[in-house]
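Trainee: I would like a close look at one part of this structure. Please take me through the place where the two chains meet, and the spaces around it.

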Amino acid sequence: MHVHEKPTFESNYTVQGGNFDEAGKVASQIKVILKKLGLQTDVVRKAALVAYESEINIVSYARKGTISISVTPGQVKIETTDEGQGIPDINLAMQEGYSTATSKIREMGFGAGMGLCNIKKFSDYFQITSEIGKGTHLKMIINIENGV
Amino acid sequence: MTLNEVIEILDADVLVGQDQLEMEVKTAFGADLMSDVLAFAKSGSLLLTGLTNPQVIRTSDILDIAAIIMVRGKKPAPETIRLAEELRIPVLSTKYILFETAGRLYEKGIKGCVERVDNNFARS
């Protein structure tokens, strides 16, 4: 892991909770940038997917949130912080199929209790912390095998 | 197989991508749950779905899905069409149900982009 390397790209994005029409816009932007940086296809795919599911979570469950991305020659790091209800039981939330989604979320094709599982599955490193009434913080790292 | 042949097999309407019908496709994935599409679909595949909201287009963009086939005669909302046009993702609509759509394409040589899922998520 090249954790101490200087970032070649860094950016922050604000995501508005409840704005279902725009959900996924930030992830699309991130994908375009990572492609332009010349990262391998599978790294771009994993990072975009992880950013997308995280963005859907912010839109679905929080008032607002930020997605930050940092790229170094060895890894893509994505962090999300939201102002929301928080997750009372993280172990339960991480179980595939467990969901507290509203019908609005399900109409979009999400809310089947797979989002966090997908994020974990496609990340090389995944960390989740949450505080009731404050919000949730996710940290995901996707390794770049041969450098940029 | 080209999208033109797909259109013929499925008696489909072209909603977006009239200029991209020479595109070649070999594989497909079918689901209404976008989280499943994200987990299992592969780049360059057709996406067969009954969902019509803009998230279908977003999901397809994230994965570099070749083209979307909306089944059961579904017609998407204008914002879905707009997003597909902006991101240049072809969208077709067929009156066949998902099972028939998949079967007709399979019969003509389109394969699933994954055959089966043997290593699903480890449950914690």
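Mentor: What follows goes through the interface, then the enclosed space, then the open pockets. This is a predicted model, in which local features need pLDDT of at least 70, side-chain atom pairs count only at pLDDT 80 or more, and totals for chains, interfaces and linings use all residues. Residues are numbered from 1 along each chain as its sequence is written, chains are lettered from A and ligands numbered from 1 in the order in which they are written, and side-chain values use heavy atoms, with hydrogens and water left out.

Start with the contact (heavy atoms within 4.5 Å). Chain A brings 29 residues and chain B brings 24 residues. The size of an interface is often given as the accessible area lost when the parts come together. Here the buried area is about 2300 Å²; that is the accessible area (1.4 Å probe) that two parts lose on being put together, summed over both. Carbon and sulfur atoms give 50% of it. On the chain A side, R45(A), Y52(A) and E96(A) lose the most area to chain B. Together they make up 26% of what that side buries.

Now the polar links. There are three salt bridges across the interface, each a side-chain nitrogen of Lys or Arg within 4 Å of a carboxyl oxygen of Asp or Glu. K35(A) and D64(B) form a salt bridge through their side chains, at 3.3 Å from N to O. Polar contacts are pairs of N or O atoms within 3.5 Å; within protein, one must be able to donate a hydrogen and the other to accept it, and residues adjacent in sequence count only if both atoms are side-chain atoms. Between the chains, 14 residue pairs are in polar contact, both residues at pLDDT 80 or more.

Which elements of chain A touch chain B with two or more residues? They are α1 (25–36), α2 (41–61) and α5 (115–122) of chain A. Helices (H or I, at least four residues) and strands (E, at least two) are DSSP runs, numbered from the N terminus. α2(A) gives the most to this side, six residues. By type, the chain A side holds 14 nonpolar, seven polar and eight charged residues. Ala, Val, Leu, Ile, Met, Phe, Trp, Tyr, Cys and Pro count as nonpolar, Asp, Glu, Lys and Arg as charged, and the others, Gly among them, as polar.

Next, the spaces. On a 1 Å grid over the protein atoms alone, a cavity is a set of points where a 1.4 Å probe fits but cannot get out, a pocket is an open set with protein on both sides within 12 Å along at least five of seven lines, and lining residues have an atom within 4 Å of a point. Grid points are joined across faces, edges and corners, and a volume is the space filled by probe spheres set on the points.

The largest cavity has a volume of about 40 Å³. Its lining includes K35(A), R45(A), S43(B) and D64(B). α2(A) supplies the largest share, three residues. The lining divides into three nonpolar, two polar and four charged residues.

The largest pocket holds about 530 Å³. Of its 32 lining residues, N57(A), Y61(A), I87(A), T100(A) and L116(A) are the closest to its centre. α2(A) again gives the largest share, seven residues. The second largest pocket holds about 240 Å³. Its lining has 13 residues, and α5(B) gives the most, four.
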